[in-house]
Amino acid sequence: MSSINSISGSTGTATVAPVRRDPAREAADDLCSAVLSSLRRKDQREKGRQYVQGLLALPGRKSMRGIAGQVGGGAAEQSMHHFISGSTWDWEPIRASLAGYLQAAGPLTAWVAQPMAIPKGGEHSVGVAHRFDPHQGQMFRGQQAFGTWFASAALVTPVGWRMHLPEDDAPGAPGTPGAPGAPGSFDAADAQAAYEESAADAVIETVRRSGNRRPVVLDIQRIGTRSTMNRFAEAGLPVIARVAPSTPLLVTDPALPGHGAGPRPARDVLQSVKGLCTPVEWTDPDPAFPGGRHRSTLAVAVRVMMPDPSPARRRHLLLVGEWTDPRRPPAQLWVTDLVRLPVGPLLRLTKQGRRVAFAAEHSGREAGLRDFAGRALPGWHRHVTLASVAHAARALTGTEHYAAA
C-alpha cells in the first residue's frame, strides 16, 4: 500500500504519513497458500493469489483490466484473462479447501442458500436472458445464480456456486414466444420448478463435497415445497425452508385446531395457534451496532405434514411462524424436519439467512461477486470462486465495509 505524502506549509519540510495496513490483504496471502494448493503449477497459484489481491485492492466494480492493473499493469491483463477464462484448472477443490479452512477457524452453524440476481444488458455475458425471478416476483434481464454460504458465529462467506442458465427452464427454447423466461410470456410453474431445482442442487452438491451435514437454511421466497423438502430428505440433509402463506399442510397434533380437517393453508394453521406464541430474542446484523442489534419477536412451532399422494413420503415436520406485529398475520413462515428443536433455536437458525442476505448485498459487492463479464461459464466459476476467497479474507479479519456500501 503506497504511503501518503504531505508538505508542511510553515517549515517546508516533507512528512510521510504512516502506511495504512490492510489486514484483509495480509490475511489473503495465508488464505491463498492454504486453499489454492490444488493448483498444480506454481505460476497458477501465484496468479490466483494476485487475482484475490487485485479484488481486495481495487475499489468499486472489478474489471479484468482493473484487477490486472493492481498487480502487474496493462501487460498482465491478457495473462490474467487467460487464467480465468481460458485455463483448465478446477475450481471445486478450491471451494472445498475454503470450506475446510473456515471450519477450522470456527465451527459451522448452518449452510445458507442465497439467490443472487445480477441485472445485465447485452449478449456478451454467460447466462444473460430475460428471466422471471421467483424470489423477487418479477421479470428482469440478467443472470441468476445461487450461492451456498458458510455461516458460523463469527462470519458468513460463500463457498459454493451454481448459475441458473436459460436452458434450465426447459421445456421451450429460451427467448422464444411462450418459452420460460421470455419477456412477457413464460410458464410460471416450469420456471419455479427449475429455479427450485437449481437452488437445491447448488447447496446439496456443496454440502456433500464438504462432508459437514449441518442444517441447511433455504432463505428463498416460497421454496419450501414438497418436492424441495423431499430432495433434502433423500440427500439426508436437515433443512429449514421458507414457505408461502398458502402452502397446504396437515396438522398432526391432535390437541390443536385443524387436526383431522385435511390440508389447510400454512397461514391459517398459524393464525389458529397465535395464542401459543412465545417471545424469542435474536440478533439483527446492523453496521451501526457492533455485534448487531438485539431484537425480540413472537414465534410458535406446530407439528405438521405435507400432503403427499404417497403415504411413505409423508414425514413429520414443524411449521414455524414469526410475528413482528401480533395484530397482523405472521411475517415469516418456515417448515423444517428439525422436529426436536424448540422454537427459539429454530427461529434463530432462520436468522442466518438474514445475515447472509445482508453480507451478499454489501460486502459481496465489495468482493466483486457480481462483476464477471465474460462469455464462458467456467470463467464465471473461476472468478466467483476467487471472489469468495477475497470475501473470506475480509470476513475473517472483520474488515467488511458495510457502512461505505
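In which handedness of crossing does H1 pass H11? The close-up views below start with that pair, and the model they show is predicted.

**View 1. Helices H1 and H11 meet in a right-handed crossing.** Welcome to the first stop: H1 covers residues 23-35, and H11 covers residues 377-397. Their axes lie 8 Å apart, and the packing angle is about 125°. An angle that is neither under 35 nor over 145 degrees, and outside 65 to 115, counts as oblique, and H1 and H11 are therefore oblique to each other. On the H1 side, look for Pro23, Ala24, Ala27, Ala28, Leu31, Cys32 and Val35. Their partners on H11 are Val389, Ala392, Ala393, Arg394, Leu396 and Thr397. Sorted by class, this contact of H1 with H11 holds 11 nonpolar residues, one polar and one charged.

**View 2. Helices H2 and H3 cross at roughly 105°.** Here H2 (residues 42-57) and H3 (residues 64-71) bring their axes within 8 Å. Angles of 65 to 115 degrees count as roughly perpendicular, so that is how H2 stands to H3. From H2, the residues to find are Gln50, Tyr51, Gly54, Leu55 and Ala57. They meet Met64, Ile67, Gln70 and Val71 of H3. The contact of H2 with H3 is made up of six nonpolar and three polar residues, with no charged ones.

**View 3. Leu319 sits in the largest nonpolar core.** This core has 104 residues, and Leu319 is listed with Trp111, Val203, Leu218 and Phe232 as having the most contacts inside it. Helix H11, which you met in the first view, supplies the largest share of the core, with nine residues. Setting aside residues up to four places away in sequence, Leu319 touches Val243, Leu249, Ala266, Val269, Leu270, Val300, Ala301, Val302, Val304, Trp334 and Val335.

**View 4. Met229 is a buried residue of helix H7.** H7 spans residues 226-235, and Met229 is found within this helix. The relative accessible area of Met229 is 1%, and a value under 20% counts as buried. Follow the chain to Val239: Met229 and Val239 are 10 residues apart in sequence, and their C-alpha atoms are 7.7 Å apart in space. Val239 is also one of the residues that Met229 touches. Leaving out residues up to four places away in sequence, its other contacts are Gly224, Ala241, Met306, Arg315, Leu317, Val335, Thr336 and Asp337. You may recognise Val335 from the previous view, where Leu319 touches it.

Terms used
Residues numbered from 1 in each chain as written. Predicted model: local features only at pLDDT ≥ 70, side-chain atom pairs only at ≥ 80, totals over all residues. Heavy atoms only, no water. Core = buried A, V, L, I, M, F, W, Y, C linked by side-chain atoms within 4.5 Å. Buried < 20%, exposed > 50% of the residue type's maximum accessible area, 1.4 Å probe, protein only. Helix = DSSP H or I, 4+ residues; strand = E, 2+ residues; numbered from the N terminus. Contact = heavy atoms within 4.5 Å. Axes fitted to C-alpha atoms, helices over the stretch in contact; angles between N-to-C directions. Left-handed = near helix turned anticlockwise from the far one by under 90°. Nonpolar A, V, L, I, M, F, W, Y, C, P; charged D, E, K, R; others polar.
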